[in-house]
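Work through these exercises with the structure in view. Try each task before you read its solution.

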Amino acid sequence: MNLQQIIDQLELTVLTEKKDFSSIEPTSGYTSDLLSCVMAGAAHGSIWITLQAHNNIVAVAALLETCAVIITEGSMPDASTISRANKEGIVLLSTPQQSFPIVGKLWEMGLRA
Amino acid sequence: MIRIRADLHVHTVLSPCAEVEMIPPLIVREALDLGINLIAITDHNSSANIESVQKAAKGTTLSIIPGMELQTREEVHVLCLFDTLEQIKTWQKIVEASMPDILNDIEHFGEQFVVDETGDFIRREERLLITSSDLTLTEAYNKVTELGGWLVPAHVNRKMNGLLSILGFVPMDIPIDVLEISRHLQPAEAYKKFPQIKNYPLLQDGDVHILGDFAGTNEFILNNISIQELRMAVHQQEGRSHRILN
């Protein structure tokens, strides 16, 4: 499963620059809103689901070479966070849905921890 | 220059998690008994009891800084410290407008009392104070600074509502210049446990919820008591200094 399929099926809004999402494949999924836990627990190349929209998510995502960050509950990163993500090549996606259904749908699509 | 011992993180009965003994005359007496000359009153998202504590401390050697412990949208706790009541009243209005309309559930969270300088009941704060404001950490930093205040991330070592647990490291988009650690943690241990804070000076406070919580381990050498002087002291500037006593 690639990132384009995930974006389509979950009806996610792409906040950062468009790129060839069909060539990106997440290795696994991870969810937490505590950045200290994310840094310690998320696998490289995973897709990270969080409602945390603070600027620091970009650095954490870059550190872990996260495939994409899905920001839930309509939580919006500010313009400087988005531009920093573009600079770092981090994909930020947004959804009004809560984390639980998003994780559930990803699991149904076959993504695992 | 004067030598000051300070605890910059003290709750009153306005904070639902503080004990009923946290009334102005007892706070003042306990601080004085411990040789503390300066405290900041920092209730959760509110400033309504500060003036009463200032009145209770009148004529003593204890000074009271107006403060607040804000819970940002990210759920990070930060101390917002000011020089004057006018400043904190302006800040209070901004915070009030950013709080959700949730009523306090006394059974679950505890009482939120506004009291006079003797500790007598004035009113109950009906809105729940321990919840997140809609202000982001960045917005709070910018606004507090603009008003002439000092924003200090509180108990950064704590898992619950501590900056390092929630945001991983000190954000670079705002020039935070000091961090607070809990009284249970020595500065050397804090730097060892959290190498990402090695360039930040530390304050240590009691996060006082009961009278027995006072730390009073901040020792300042200052010209006079003001936010600017405290800031200069933690950065060891122009003869001002700060250290954490054992």
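**Exercise 1. Find the largest nonpolar core and its best-connected residues.**

Step 1. The largest nonpolar core has 93 residues. Such a core is a set of buried Ala, Val, Leu, Ile, Met, Phe, Trp, Tyr and Cys residues joined through C-beta atoms within 7 Å. Buried means that 20 or more other C-beta atoms lie within 10 Å of the residue's own, with C-beta atoms placed from the backbone.

Step 2. Those with the most contacts inside this core include Val69(A), Ile70(A) and Ile39(B).

Step 3. Helix α3 (residues 56–63) of chain A gives the core its largest share, five residues. Helices (H or I, at least four residues) and strands (E, at least two) are DSSP runs, numbered from the N terminus.

The model is predicted: local features need pLDDT of at least 70, side-chain atom pairs count only at pLDDT 80 or more, and totals for chains, interfaces and linings use all residues. Residues are numbered from 1 along each chain as its sequence is written, while chains are lettered from A and ligands numbered from 1 in the order in which they are written.

**Exercise 2. Work out the strand order of the open sheet in chain A.**

Step 1. Five strands line up as β1-β5-β4-β3-β2, with mixed pairing. Strands pair if DSSP finds at least two bridges between them.

Step 2. β1 (13–14) and β2 (29–31) of chain A are at the edges; each has a single partner strand, so one side of each lacks a neighbour in the sheet.

Step 3. β1(A) and β5 (residues 92–94) of chain A run antiparallel, joined by two bridges. Val14(A) stands opposite Leu93(A) in β5(A).

Notes
A residue is buried if 20 or more other C-beta atoms lie within 10 Å of its own, exposed if 12 or fewer, and partly exposed in between; C-beta atoms are placed from the backbone.
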